[in-house]
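Thanks for sharing this one with me. Here are my notes, as numbered points, to read alongside the model.

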Amino acid sequence: MKIRMNITTQIILATILGVLFGGFFGKFMTSIDVFGNIFLRLIQMSIVLLVMGQIIEAVGGLNPRKLGKLGFKTVIVFITSSFLAALFGMAIGVLFKIGKGIDSTLLSDNPLPEIGTASSVEDTILNFFPTNIISSMAQGSIVQVIIFAIIFGLALSYVRLDDKENKIFQGTVQFNSVILKLVTLIMKIAPVGIFFIIASTIGSMGLQVLLPLAKYLLIYCLATFIFLFIWFLFVSIYCKVSMVKLIKNMAPMSIMALTTTSSAVTLPIALKDAKEKLGISERITKLVLPLGMSLNSNGSAMHMAITLVTISQIAGISYSGGEYFYLVILATLASLANAVVPGAGLVSLSIVVPQLGLPIESIALFAGVEWFVGMLRTILNVDSDTLSAFIIAKSENEIDYKVFNQ
């Protein structure tokens, strides 16, 4: 009898086997991490084209007047949710005093990883806008690609007012269908790729890297899932759906986010399931999800807020209420510049740590647990994007409840 397993079950099994093999074979697994990296590269090679194409099609297919209303609504939901995530992370850090008891010498005993030059908040915002879109695509600057795609799509939507059968728009639609099929084919090897990614990561670092920051990881994990629970509860009440069914329908994308630690890698399955399992209209999914990948990073905002509070406590630095509020604003803004690939948390921290007068070398302490933190950060990023799309679809009366309940 042939046993059939869906992709979700295969990924869960691959994750468990990856942890076991990584723990048992240790450093040997790092010698074959090339297979995991091949999978990531296969996905990442199409992400820029996928994001650009989906946004151009979504924006270009709208009436400019309707786009303004939908875009404004989307931005409000994104900013509000990211701010609340950062505020919640800050509150958890202060309440549980995560940094208390961690040896402050760890801040200087660890070598600083190569994370690039820290940027000011002004530079970070300026870098949202491209000077050369071809260069931005080559470098994988997702935020810059999104900005270009929105403006290009807006121009295309005005052109289509006079030319309904615009060939550029039709070509974009057809091109997007090819890219989605390409990603679908690559996803068939996802369980194999994820096994090698996890096995090599565990084999390289070992589980002992968790010990100095066990309290930090435990409380951060708790905070992430409490915030997710509140998200799911709110959306289930507002959209009048079963929370259990909502969680079940989003399980595949949640598991993919956890195991790959990349919003970019998870985007294709999120686009597919939002339409086919949640019943969100194609108009909403193609606009909100690619935008949310960079502009609605709830997980990144919470991660930075809770980590900044932890670092300040380890260093023995106290903040006033106003300074904590500034910390939350800073974490919210910096989350917009968060990369959508594994290991991006260290880059984001390099932006905000100097702004609060905290030691830049403190980032090194968290380098060893970045992969584990990335799992939690990514699931909150991905799920909050989809839940935001669900809220926006409800407000636009574009949820197919028959699809959701099937």
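A salt bridge here is a side-chain nitrogen of Lys or Arg within 4 Å of a carboxyl oxygen of Asp or Glu. Please keep in mind throughout that this is a predicted model.

1. Let me begin with the overall picture. The protein has 18 helices and zero strands. Of its 406 residues, 52% are buried. Among contacts with a separation of 6 or more, 85% are between residues 24 or more positions apart. The accessible surface is about 18,200 Å², and carbon and sulfur atoms supply 67% of that area.

2. How many salt bridges does the structure hold? There are eight. As general background, side chains of opposite charge can pair when their charged atoms come close.

3. Glu396 is a good place to look next. Its side chain meets that of Lys73 in a salt bridge, with 2.6 Å from N to O. Glu396 sits in the loop between α17 (370-395) and α18 (401-405), while Lys73 belongs to helix α3 (residues 64-96), so this pair ties together parts that are 323 residues apart in sequence. Is Glu396 buried or exposed? With a relative accessible area of 19%, Glu396 counts as buried, because the cut-off for that class is under 20%.

4. Glu396 has another partner: the side chains of Arg283 and Glu396 meet in a salt bridge at 3.1 Å, N to O. Arg283 lies in helix α13 (residues 282-295) and Glu396 in the loop between α17 and α18, so the pair ties together parts that are 113 residues apart in sequence. Arg283 is partly exposed, its relative accessible area being 25%.

5. Stay with Arg283 for a moment. Its side chain also meets that of Glu398 in a salt bridge, at 2.5 Å from N to O. This pair links distant parts of the chain, with Glu398 in the loop between α17 and α18 and Arg283 in helix α13, 115 residues apart. Elsewhere in the list of charged pairs, Glu57, Lys275, Glu282 and Lys286 are joined into one network by salt bridges that share partners.

6. Finally, a check on helix α15 (residues 321-335). What span should its 15 residues have at 1.5 Å a residue? The expected value is 21 Å, and the end C-alpha atoms are 21 Å apart, which agrees. The buried residues in α15 include Tyr324, Leu327, Val328, Leu330 and Ala331; Thr332, Ala334 and Ser335 are buried too. In general, an α-helix has 3.6 residues a turn, so residues three or four places apart point the same way.

Methods
Residues numbered from 1 in each chain as written. Predicted model: local features only at pLDDT ≥ 70, side-chain atom pairs only at ≥ 80, totals over all residues. Heavy atoms only, no water. Helix = DSSP H or I, 4+ residues; strand = E, 2+ residues; numbered from the N terminus. Buried < 20%, exposed > 50% of the residue type's maximum accessible area, 1.4 Å probe, protein only. Expected span 1.5 Å × (residues − 1). Contact = heavy atoms within 4.5 Å. Areas by Shrake-Rupley, 256 points an atom, 1.4 Å probe, with all protein chains shown as cover.
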